[in-house]
Amino acid sequence: MASSPHLHPDHACLIVHGSDRPGIVAAVSAMITRIGGNIVAFDQYSDDPTGGAYFQRVVFHRPGFAADRPLIESEIAQTLAGFDLEWSLTDQSVPKRMAILASKQDHCLLDLLWRHRRGDLPVTVPMVISNHTTSAEDVRSFGVPFIHVPSVSGADKAASEAKILELLRGNVDFVVLARYMQILSSDFLSQLGVPVINIHHSFLPAFIGAEPYKKAKERGVKLIGATSHYVTDDLDEGPIIEQDTVRVTHGDTVEELVRRGSDVERQVLSRAVLWHAQDRVIRHGNHTIVF
C-alpha cells in the first residue's frame, strides 16, 4: 500500500462541541500555544452565537505528541472545564481501522480497496466480510483478508450477527457498508459500539424495493444520486454525511442509469469515508457538521 498523504506525524486533531459562549476560541488557541503546539487548521461553526450549539475542529502540530499525549489531554481538560463542552483528541499519524461489509455488488467495495491501495484513504483495512463469495479473489488480490459469513433469516440471523460481531469488536474503529444488502439489528449496532457508514441510491422521487433504476426509467427521472450516512436504528434515516446527483435524460437506458448511479455511489461513499477518517464529521442529533 502507498503511504497516505493524509497521515501527518506529530499532528493531532481536537474536536470540541457543546454550548456556544464567548472565549472558546481564545482559550483553545492559548492552550495549544501553551503546550508548544502550532495550529495548522482551524474550523468552527455556531448555529446561534447566544447560547446555541458550537462546533470546532482544530488540527495542530506538536513535536513529541504521542509521548506527551496524557499531559496534553490533561491540559485540554483543565482548559475546557469552565465551558459546557465535550471534546475528543486523535493522533493524525495513526490510520483508523476500517472494516467493510459487502454483498454481491462490488463497485463500492473495490473502489474503496483501490483508493486504500493508492494511499488516498488514511485507513487500514483489517478485513472484508461478505455474505457472498463472488468478490473473494478480488479482495484477496489487494492483500486484504476476506471472510464469508452467509446471510440467514429468522432465528439464525442472530447467530450470523454474533459471528460478525466476534470478528469486528475490538479490531476496527468504524465499519463501511459497501452495498451490504442486509439490515443490521439494533442489538448488533449497540454491541458493535463504533460508527457504521452506509451508501444507498437516492432518487427524486425515491424508489423503494427491487429494480429502482428500472422504476426511475419508467418514471422519467431527470436526476439520480446517492446518499452516504451513519447507520442508526431507523433504516436509512441516520445523519447524512455526503450526497451528490447527476443529470440523466429520457435517452438513457436502464443499464446506463445503473452505470452512472454506480459512479456517483462510489464518489459519495469515498468522500464520506475520507472525511470520517480525517475527523471532519461531527454528529449533532440527526444531522452532521462537516468541516
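Is D279 buried or exposed? At 12% relative accessibility, D279 counts as buried, because the cut-off for that class is under 20%. I shall return to this residue later. Please bear in mind throughout that what we have before us is a predicted model.

Let me begin with the overall architecture. The protein contains 8 helices and 14 strands. Its radius of gyration is 21 Å, close to the 19 Å that the globule rule gives for 291 residues, so the protein is as compact as a globular protein of that length. Taken along the principal axes, the box filled by the C-alpha atoms is roughly 60 × 40 × 40 Å. As for burial, 45% of the 291 residues count as buried.

I turn now to the charged side chains. In general, side chains of opposite charge can pair when their charged atoms come close. How many salt bridges does a search of the whole structure find? The search returns 15 salt bridges. I shall discuss several of them.

The first case is E75 with R34, whose side chains meet in a salt bridge at 2.8 Å, N to O. This pair links distant parts of the chain: E75 belongs to helix 2, residues 65-80, and R34 to helix 1, residues 24-34, with their positions 41 residues apart in the sequence. E75 has a relative accessibility of 22% and therefore counts as partly exposed.

Helix 2 also holds a pair of its own. The side chains of R69 and E73 meet in a salt bridge at 3.0 Å, N to O. Both residues lie in helix 2, 4 residues apart, which is about one turn of the helix. R69, at 24% relative accessibility, counts as partly exposed, and E73, at 28%, counts as partly exposed too.

A pair with the 4-residue spacing is found in helix 3, residues 107-118, where R115 and D111 are about one turn of the helix apart. Their side chains meet in a salt bridge at 2.7 Å, N to O. Which of these two partners is buried, and which is partly exposed? D111 is buried, with a relative accessible area of 11%, whereas R115 is partly exposed, with 21%. The boundary between these classes lies at 20%, so the two residues of this bridge fall on opposite sides of it.

Beyond simple pairs, E242, D244 and R271 are linked in a network of salt bridges.

Next, consider the loop between strand 11 and strand 12. Strand 11 spans 223-230 and strand 12 spans 240-247, and D234 is found in the loop between them. On the surface, D234 gathers with D233, D236 and E237 in a patch of negative charge. P239 is found in the loop between strand 11 and strand 12 as well. P239 is buried, with a relative accessible area of 1%. The C-alpha atom of P239 is separated by 7.8 Å from that of G285, although the two residues are 46 residues apart along the chain.

For contrast, let us look at V59, which is placed in strand 3, residues 53-61. V59 is buried, with a relative accessible area of 9%. V59 and Q105 are 46 residues apart in sequence, and their C-alpha atoms are 37 Å apart in space.

A further proline deserves mention. P212 lies in helix 7, which covers residues 212-219. P212 is buried, with a relative accessible area of 13%. Between P212 and H201, 11 residues apart in sequence, the C-alpha to C-alpha distance is 8.6 Å.

Finally, I come to backbone geometry, and to the residue with which I opened. Where is D279 placed? D279 sits in the loop between helix 8, 254-277, and strand 13, 281-284. Its phi is near 60°, a positive value in a residue other than glycine. R179 likewise is not a glycine, and R179 has a positive phi of about 60°. R179 is found in the loop between strand 9, 174-178, and helix 6, 186-192. R179 is buried, with a relative accessible area of 9%.

To close, I would recall two points. D279 combines a positive phi with burial, at 12% relative accessibility. R179 combines a positive phi with a relative accessible area of 9%, and is buried. Thank you for your attention.

Key
Residues numbered from 1 in each chain as written. Predicted model: local features only at pLDDT ≥ 70, side-chain atom pairs only at ≥ 80, totals over all residues. Heavy atoms only, no water. Patch = residues over 30% accessible without salt bridge, like charges linked within 9 Å, V, L, I, M, F, W, Y side chains within 5 Å. Areas by Shrake-Rupley, 256 points an atom, 1.4 Å probe, with all protein chains shown as cover. Salt bridge = Lys/Arg side-chain N within 4 Å of Asp/Glu carboxyl O. Lys, Arg positive; Asp, Glu negative; His and termini not counted. Charge placed at Lys NZ, Arg CZ, Asp CG, Glu CD. Helix = DSSP H or I, 4+ residues; strand = E, 2+ residues; numbered from the N terminus. Rg over C-alpha atoms; globule rule 2.2 N^0.38 Å. Buried < 20%, exposed > 50% of the residue type's maximum accessible area, 1.4 Å probe, protein only.
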